[in-house]
Amino acid sequence: MPVHATLQQAFAERADGVQADGAPLVGVFGEGVPLPLVAALGGLAVDVKAPPLSDETEGPYSDLVASVTEPFLDPFTTRFLHRFAAGAFDRFATLLFARDDVAALAAYQYALELRRQGRVPGAAPRLHLWNLLHTDSIPAETFNRHELERLVSHLEETLATRLDHDRLSEAIEAEKRRSAALDALPPGGRDVFIARNAGRWMTPATHAALLDPLPRPRPSGPAIVLLGTACDIPLLHDLCAEFGQVRADIQDYGRRAPQPTGAADLLRDIVHDPLAPRAAPPARFTRALHDTIKSADLVIASLDTNDDSFGWDLPRLRDVATARGARFLNLGFRPFRPDEAWRAMARAGIAEALA
Amino acid sequence: MTCANTATAFQRDWLKGLRARITDGAAFAFVNADTPHELFHFMDTPIVTNQWWSAVISAKQLAPHYFDRMEGLGFHAHLPRYSSLPLIAQMEGDFDRQPWGGLPAPAILCARASSDEHPRLFQLWAELTGAELHLLSAPATPDPTPDWWIHAREDWEDLYGTARLDLMVAEMEDLIAALERLTGRVFDHEGFAAYMARIDEQERVLDEVAQLIAEAAQCPMGIAEQMPNVMIPQWHRGSDWAMSHVRAFRDEVAGRIGRGDAICENERIRMMWIGAGLWFDTSFYRAFEETHGAVFVWSMYLPFAADGYIRADHGDPLRALAARVSAMNEQLHQPPWVNEWLVREARRWRIDVAVMLVPEHDRFSGYGSYFAREALVTAGIKVVEVHSDMVDPRDWDRAAMEARVSAALDELEAG
């Protein structure tokens, strides 16, 4: 599948390459923010969690940030903070941080503190924490409504506009058209990973227009399911390509987190996302995880060393997978940007698991 | 016998008594430290606190066995440890190995989702024991006020936020309903107000103790002795025993100060221990008294009893409890709360050196450490980082740590 050059470029350059075309930029760190709300208020939602690919070798480094970031801080957070201190987001109107995402919470708190101490100049962009509870209860629903009102107020104030119901409906429809275009793509593979994620740095309409509908390839080789913590590069899709087909990737950046499907309730689909890391009670998450691996021949898990949550599911996941006749491969800790030695280790592990 | 010995003996006997009660059919709760213990106490449901039990297991030098076991079960080696140790012991099921014969199955479980591991750990507890699970939500505070301790006692509505407090109150009401079902008792709101007032009184006594030790010319009681005197009454807060104990603790401290007693006659350097206790090696706290006249005078447990717990009820004790609980742990670990509080405390206690435990695996506790370090250094405090764990001694090198702290003390003394 050839990926449109624009998508390739967007995926590589990420927030740095975004062409705003007059729309105020609204950075988003983590899943679970209702993106059509941003669009309806005239903003362009842009992922700021995943740094540009060039950041690995050319990214900024700040002694100030290094002095306050523990070596075991989530690397997405650390890289964000170095970029934040270097002014990478100065052209943004605001940055929204999803409390669901540990990396986002830390990024918010550290950025806020650096600014409070006056050690990072300027007042832009604004910083906003987006709390959302994934609990099916009246108190949680009440709290979520409050947080949504807080978010709407923040965006209205920041973007100097008012929420209009028609524009919100249009934005949701645009998001649904994008979703339909994504549905037509195969579930895994390097090109799909790039094409899908490139949409994080453009409007839904532009993204949908660049996604060519493709016939799904005939299944060949073992069905592989990828599980674990956020991975913003097609590393595991590349590694799996020679062995089978990735049928599901439910790591952040591998999966498509829900977005609103109706203007009447912007939060319902997001709140009920069973694969949200803070889905409550966690048994919901575990059940969804087990459902995901139902048709797998091989389940591959890989985690960041900062994982606090997924690791609790690994032993049972292994048992469930093997009880269903699937093979289970735990690649262990995955570096933020794995070197060739790690890739070789992972490749050998996959080959051995499928032997 | 000192108060600390009395408290430790009380807790040991209490757990033995609890086992007897449970054998006779009484229900108990297994809960995290930052949950509303008050509701369980008031409904006469005994609790065992996860982090306390973890510390006990660690103090018995059993943690390496369980953490090896944890990895053997397929859990990865970087998962948080402090809160997971009791779960692994329970999963192993060898109660003879555990301190005091281990824990029977609880009837109810409660955790706050402050960090991601807690809901999952307690879900596993629920599946293992069949106990009813109560998870309290923990949305983060978007606008943390740096000098939170000034506002927390009276003006907590604005500090913690109305929506967050509404949520906590509503979720606590669900928990109360569960406790009513469990105990067959009706929650007495008036009685609860009186009970909460007693807890405030208890914490005010501890506030007095903190001020006494902070102002004392020489430290009358080190942190290894302070901790059981503070935390064991805290696990039983508001009870007659707890009230009586903290008063005895205050009197013992005041008496020592009055007599000019000092745990280190040659006290020259005052130190603070930042982080949870070093539960497997508490003798470390006294390792520098003879060599350097350096005394650990401060740990978070005593001063936090006041700043973290005293909450005016303003006619609504349940809401005051929500204010106590809704950011309890966060205040100890997240910027700007932790750095500002530690600097204030360091000044109040005339601290020269801070030894900071940085637990890499318990990231909720580990994050924010460097902001605290920077703030303390800026305030003129020498900081020694200890990258280790509160319950797992496998990476702890006592000799190397002593050498590092000694070097810092030497440097300080050299001027």
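This is a short talk on how two protein chains, A and B, are built and where they touch.

Okay, hi everyone. One thing before I start: what you see is a predicted model. I'll begin where the chains meet, then go into chain A, and then into chain B.

So, how many residues of chain A are in contact with chain B? It's 40 residues of chain A, and they are in contact with 39 residues of chain B. On the chain A side, the elements giving two or more residues are helix 4 (63-68), helix 6 (102-116), helix 7 (138-159), helix 13 (282-292) and helix 14 (314-323). Helix 6 of chain A gives the most, with seven residues. If you sort that side of chain A by class, you get 21 nonpolar, 11 polar and eight charged residues.

Let's look at one pair of helices across that boundary. Helix 7 of chain A and helix 9 of chain B, residues 162-183, have axes that come within 9 Å and cross at roughly 175°. An angle over 145 degrees counts as roughly antiparallel, so that is what we call helix 7 of chain A and helix 9 of chain B. Who meets whom? From helix 7 of chain A we have A:P139, A:T142, A:F143 and A:H146, and they meet B:A163, B:D166, B:L167, B:A170 and B:E171 in helix 9 of chain B. This contact has five nonpolar, two polar and two charged residues.

Now into chain A. Helix 8 of chain A, residues 165-183, is a nice one for checking a rule of thumb. At 1.5 Å a residue, its 19 residues should span 27 Å, and the end C-alpha atoms are 27 Å apart, so the two agree. Which residues of helix 8 of chain A are buried? They are A:L168, A:A171, A:I172, A:A174, A:E175, A:R178 and A:A181. And those buried residues pack against helix 2 (35-40) and helix 10 (204-210) of chain A.

Still in chain A, helix 1 (residues 5-13) and helix 9 (residues 190-197) pack at about 75°, with their axes 8 Å apart. Those two helices of chain A are therefore roughly perpendicular to each other. A:L7, A:Q8 and A:F11 of helix 1 meet A:I194, A:A195 and A:N197 of helix 9. That contact divides into four nonpolar, two polar and no charged residues.

Over to chain B, where there's an open sheet. Four strands line up in the order 2-1-3-4, with parallel pairing. Strand 2 (47-49) and strand 4 (132-136) of chain B are at the edges with a single partner strand each, so one side of each has no neighbour in the sheet. On average, neighbouring strands are turned by 20° against each other, direction ignored.

Zooming in, strand 1 of chain B, residues 29-31, is joined to strand 2 of chain B by three bridges. In that pair, B:A29 stands opposite B:I47. Helix 3 of chain B, residues 50-59, lies across strand 1 and strand 2, at about 60° to strand 2 of chain B. Helix 6 of chain B, residues 117-129, also packs on the sheet and touches strand 1, strand 3 (108-112) and strand 4 of chain B.

Last one: helix 4 (residues 63-72) and helix 5 (residues 85-92) of chain B have axes that come within 9 Å and cross at roughly 75°. Helix 4 and helix 5 of chain B are therefore roughly perpendicular too. Their contact has six nonpolar, no polar and two charged residues. That's it from me, thanks!

How values were computed. Residues numbered from 1 in each chain as written. Chains lettered and ligands numbered in written order. Predicted model: local features only at pLDDT ≥ 70, side-chain atom pairs only at ≥ 80, totals over all residues. Contact = placed C-beta atoms within 7 Å. Nonpolar A, V, L, I, M, F, W, Y, C, P; charged D, E, K, R; others polar. Expected span 1.5 Å × (residues − 1). Buried ≥ 20, exposed ≤ 12 C-beta atoms within 10 Å, placed from the backbone. Axes fitted to C-alpha atoms, helices over the stretch in contact; angles between N-to-C directions. Parallel < 35°, antiparallel > 145°, perpendicular 65-115°, else oblique. Pairing = 2+ DSSP bridges.
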